Amino acid sequence: MDHRPRPFSFNRLVINAVLACVVSSLFGCSYMGYYARKTHWHVTYENIPSMSALSKYSPEDSLVVGGRIVNHHERKEPLLLVAVSNQYKQNEKVALVQVPASATFYMAFLPKGDYQLLLFADLDKNGDFEWNELIGRASMSVSPENAKGGAVLEGPPITVDFNHAGQVDFHLSETVRPTGYIYASLDDEFFAPRFGTMGLYNPTELISHTQGFIFGLEDFDAEKTMVLFVHGISGTPRDWKFIVDGLDRSRFQPFFFFYPSGLRLDKLGTLLAEIINAIQTSPGNGRHKIVLAAHSMGGLVTMSALNKLAEEGFPSSVKLYCSFSAPYGGIESARTALENAPAVVPAWRDIATDSDFIKYLSGRRLPKSLPFYLYFTYSGRSVLKGGGCSDGSVALQAQLEPSVQKAATRIFGFNETHIGVLNSTDARESFLRLLDMVEPPRSGEPR
């Protein structure tokens with residue numbers, strides 16, 4: 001038998017390498033790392049299957065699982081959630097998520113399968129979670145068929161017992177690290193730009209870093225209007241720093257949806273909708289107000305979330321939506337990448353021009369009661385095929401998609417680049433005036 005390499009295989013390898021370079025020129029050097037990592041985990045899963053390899057090879061198929069922790073209020077130790085699977089390996093630790101001491105819920109990002117959900121506490125206060133510090137457990141099956149929007153699944157409540165610790169028959173020694181959802185500044189390393197790149201090309205790793213999706217700069221206060229910021233593709237909450245610095249913090253409190261932007265947008269929209277619903281039903285319901293501000297692809301995620309909320313009865317807390325430079329008509333270069341790239345980032349399937357997701361959004365309508373302000377930008381040399389006016393990243397035509405224009409309460413244009421609008425004094429002042437309509441300045445106080 002002839003074992004010599006076939007010319008076709010070599011040619012295909014060369015073609016894939018060339019295509020990877022082309023896509024890299026469009027989306028950045030990090031794509032090459034994504035391509036190599038995707039290939040590695042695919043081969044690993046095919047040859048040595050494991051749930052961990054599956055979650056890294058195909059993170060778009062994993063689900064967000066969340067549930068209540070019962071009786072945690074009695075103690076203040078931080079907790080560790082361990083999701084264990086026996087599908088491919090005995091006692092495989094698929095996810096380890098540290099839970100803040102004040103939290104009453106848990107969250108994990110898991111592939112389809114059956115799991116034991118185990119909660120541990122650092123009972124001996126030695127700085128490690130260990131095998132004999134088990135305080136709660138539950139079982140569950142993770143399946144998209146049972147998940148809301150194929151993305152979010154309600155997990156079982158886990159009742160904890162600090163006084164009668166159990167143990168497991170596998171090794172566990174995980175260092176306790178500071179956790180929480182409040183950070184003093186957007187300059188914190190937690191929000192560094194490299195994590196935005198990670199979220200695009202390695203979603204599972206970003207979720208391991210964040211251990212959650214909503215973060216703020218101060219504790220939640222139902223008496224203030226929440227401004228919930230949604231970053232764009234490969235972004236982080238730090239992108240909003242200039243605008244956040246202009247907020248009157250006596251009236252408004254900033255929170256941020258920090259999500260892996262490489263995942264499918266419909267799933268991200270479902271997750272954001274669930275978060276908004278949770279805020280709506282939190283203590284103080286009926287008093288607090290929510291303003292949504294989204295940049296770039298974050299506008300598509302937010303629009304998806306708003307449409308899902310409208311289907312279930314739109315929450316009264318949401319008072320205003322403002323999008324900055326959002327590609328409502330899709331991005332042509334993403335469609336080109338779909339046709340040519342050797343490995344596709346899941347989000348590209350949705351942001352591509354004429355995608356099913358883009359068509360879905362254009363066919364939906366926001367509630368008439370929700371003020372919607374569309375900010376578009378037009379300064380920047382076009383890098384798009386065919387040229388045309390753009391902000392350097394998104395074509396003007398895509399930002400001003402006709403059905404979205406019709407839905408807008410008002411449209412504002414800025415002679416800024418795609419990223420520059422978030423550092424524009426004019427754009428910030430305009431946005432702050434919109435906020436004044438939701439929460440007017442107190443009598444005698446300047447804005």
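In what sense do strand S2 and strand S5 pair, and over how many bridges? In this predicted model, strand S2 (residues 79-85) and strand S5 (residues 113-121) run antiparallel to each other and are joined over six bridges. Within this pairing, Val84 lies opposite Gln116 of S5.

The two strands belong to an open sheet of four strands, arranged in the order S3-S2-S5-S7 with antiparallel pairing. Strand S3 (92-99) and strand S7 (134-142) form the edges, since each of them pairs on one side only. On average, neighbouring strands of this sheet are turned by 20° against each other, with direction ignored.

Among the helices, H5 (residues 203-210) was examined for its surroundings. Helix H5 is mostly covered, with six of its eight residues buried. These buried residues are Pro203, Thr204, Leu206, Ile207, His209 and Thr210. The elements that cover them include two helices, H3 (51-57) and H4 (193-201), and two strands, S4 (105-110) and S11 (214-216). Just after H5, Gln211 adopts a positive phi of about 60°.

The cysteines were considered next. Zero disulfides are found in a search of the whole structure. Two cysteines illustrate how accessibility varies: Cys322 has a relative accessibility of 0% and therefore counts as buried, whereas Cys389 has a relative accessible area of 43% and is therefore partly exposed. The value for Cys389 falls in the partly exposed class because that class lies between the buried limit of 20% and the exposed limit of 50%.

Methods. Residues are numbered from 1 along each chain as its sequence is written. This is a predicted model: local features need pLDDT of at least 70, side-chain atom pairs count only at pLDDT 80 or more; totals for chains, interfaces and linings use all residues. Side-chain values use heavy atoms; hydrogens and water are left out. A disulfide is a pair of cysteine sulfur atoms within 2.5 Å. Buried means under 20% relative accessible area, exposed over 50%, partly exposed in between (1.4 Å probe, protein chains only). Two strands pair if DSSP finds at least two bridges between them. Axes are lines fitted to C-alpha atoms, for helices over the stretch in contact, and angles run from 0 to 180 degrees between N-to-C directions. Contact means heavy atoms within 4.5 Å.
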